[in-house]
Every structure is written in C-alpha cells, then in structure tokens.
Amino acid sequence: MSTLTLTEIERSIRALPDEEQLWLLEHIARQLREKAYAKTLSANGEDMEEQLAAMANDPAIQAELAAISQEFAVAEMDGLKQL
C-alpha cells in the first residue's frame, strides 16, 4: 500500500468521532489477536498430532501402557457385572 493511501486512510479515521475511532481501533486489535491465536492453535495442533504419533510408536510408552493395562486387568474383572 502506498504512503499516500495510508495518509488518506489516517485522515479519514481522524475525521471520525472519537467513539468511532475507538471502536475501529478495538475492532482491528481484536482481529489481529484472533488471527494470531488461530495461527498458534494451528501450529500447536500440528505439533500435538506429531507428538502423539511419536508417542504411539515409542516402544517404551507401548511397554508402559501394556504394564498399566495388565495392572488394571484384575480390577476390570471385579468391575460392574452386566444386568
């Protein structure tokens, strides 16, 4: 965007009443925060999926899950009986 256009936008904004300038400023700030938050969520979501996939394929984690499952097998047999 050219400097002339930005100057024209600034002039137009200054011509607005204070309430409308404040509303515009808050609206733009909210949009920028939402955009940044969406990018963060997207990046974290991809990260988490990669981490979960790595954990699922990790032999140490698989062994730990098997041990936990075996530990609770007795408790599962004592669990609720079908009605």
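Below is a chat about a predicted model of a protein.

Biologist: What's the secondary structure here, how many helices and strands?
Modeller: The protein has three helices and zero strands. Reading along the sequence, you get α-α-α.

Biologist: Where do the helices run? Start with helix α1.
Modeller: Helix α1 covers residues 3–15. Helix α2 takes residues 18–57, and helix α3 takes residues 59–77.

Biologist: OK, overall shape. What's the radius of gyration, and what would a compact globule have?
Modeller: The protein comes out at 28 Å, whereas a compact globule of 83 residues would be near 12 Å. The C-alpha trace spans about 75 × 35 × 15 Å along its principal axes.

Biologist: And what share of the residues count as buried?
Modeller: That's 0% of the 83 residues. The protein exposes about 7,900 Å², and 60% of that comes from carbon and sulfur atoms.

Biologist: Let's try some distances. How far apart are Ile68 and Glu19?
Modeller: C-alpha to C-alpha, Ile68 and Glu19 are 61 Å apart in space, with their positions 49 residues apart in sequence. Ile68 belongs to helix α3.

Biologist: Is Ile68 exposed or partly exposed?
Modeller: Ile68 is partly exposed, because its relative accessible area is 35%, and the partly exposed class runs between the 20% and 50% cut-offs.

Biologist: What about Ile28 and Ser2, how far apart are those?
Modeller: Their C-alpha atoms are separated by 20 Å, and the two residues are 26 apart along the chain. Ile28 is in helix α2. With a relative accessible area of 40%, Ile28 is partly exposed too.

Biologist: Switching to charges. How many positive and negative side chains are there?
Modeller: There are 7 positive and 16 negative side chains. The centres of the two sets lie 12 Å apart.

Biologist: How many salt bridges turn up in the whole structure?
Modeller: A search of the whole structure gives one. Glu10 pairs with Arg14, and their closest N and O atoms are 2.7 Å apart.

Biologist: Where do Glu10 and Arg14 sit?
Modeller: Both are in helix α1, four residues apart, which is about one turn of the helix.

Biologist: Which accessibility class does each partner get?
Modeller: Glu10 is partly exposed, since its relative accessible area is 40%. Arg14 counts as exposed, because its relative accessibility is 60%.

Biologist: Which residues gather in the patch of negative charge?
Modeller: Glu46, Asp47, Glu49 and Glu50 gather there, on the surface. One of them, Glu50, lies in helix α2.

Biologist: Why does Glu50 count as exposed?
Modeller: Because its relative accessible area is 55%, and exposed means over 50%.

Biologist: What about nonpolar side chains, which ones form a patch on the surface?
Modeller: Met48, Leu52 and Met55 do, with about 310 Å² of accessible area together.

Biologist: Which helix holds Met55?
Modeller: Met55 lies in helix α2. At a relative accessible area of 40%, Met55 is partly exposed.

Biologist: Give me the quick recap on helix α2, then. Which patch residues did we place there?
Modeller: We placed Glu50 in helix α2, and Met55 as well. Glu50 is part of the negative patch, while Met55 is part of the nonpolar patch.

Methods:
Residues are numbered from 1 along each chain as its sequence is written. This is a predicted model: local features need pLDDT of at least 70, side-chain atom pairs count only at pLDDT 80 or more; totals for chains, interfaces and linings use all residues. Side-chain values use heavy atoms; hydrogens and water are left out. Patches are made of residues with over 30% relative accessible area and no salt bridge: like charges are joined within 9 Å, nonpolar side chains (Val, Leu, Ile, Met, Phe, Trp, Tyr) within 5 Å. Accessible areas come from the Shrake-Rupley method with a 1.4 Å probe; for residues, only the protein chains shown count as cover. A salt bridge is a side-chain nitrogen of Lys or Arg within 4 Å of a carboxyl oxygen of Asp or Glu. Lys and Arg count as positive and Asp and Glu as negative; His and the chain ends are not counted. The place of a charge is taken as NZ of Lys, CZ of Arg, CG of Asp or CD of Glu. Helices (H or I, at least four residues) and strands (E, at least two) are DSSP runs, numbered from the N terminus. Buried means under 20% relative accessible area, exposed over 50%, partly exposed in between (1.4 Å probe, protein chains only). The radius of gyration is taken over C-alpha atoms; the globule rule is 2.2 Å times the number of residues to the power 0.38.
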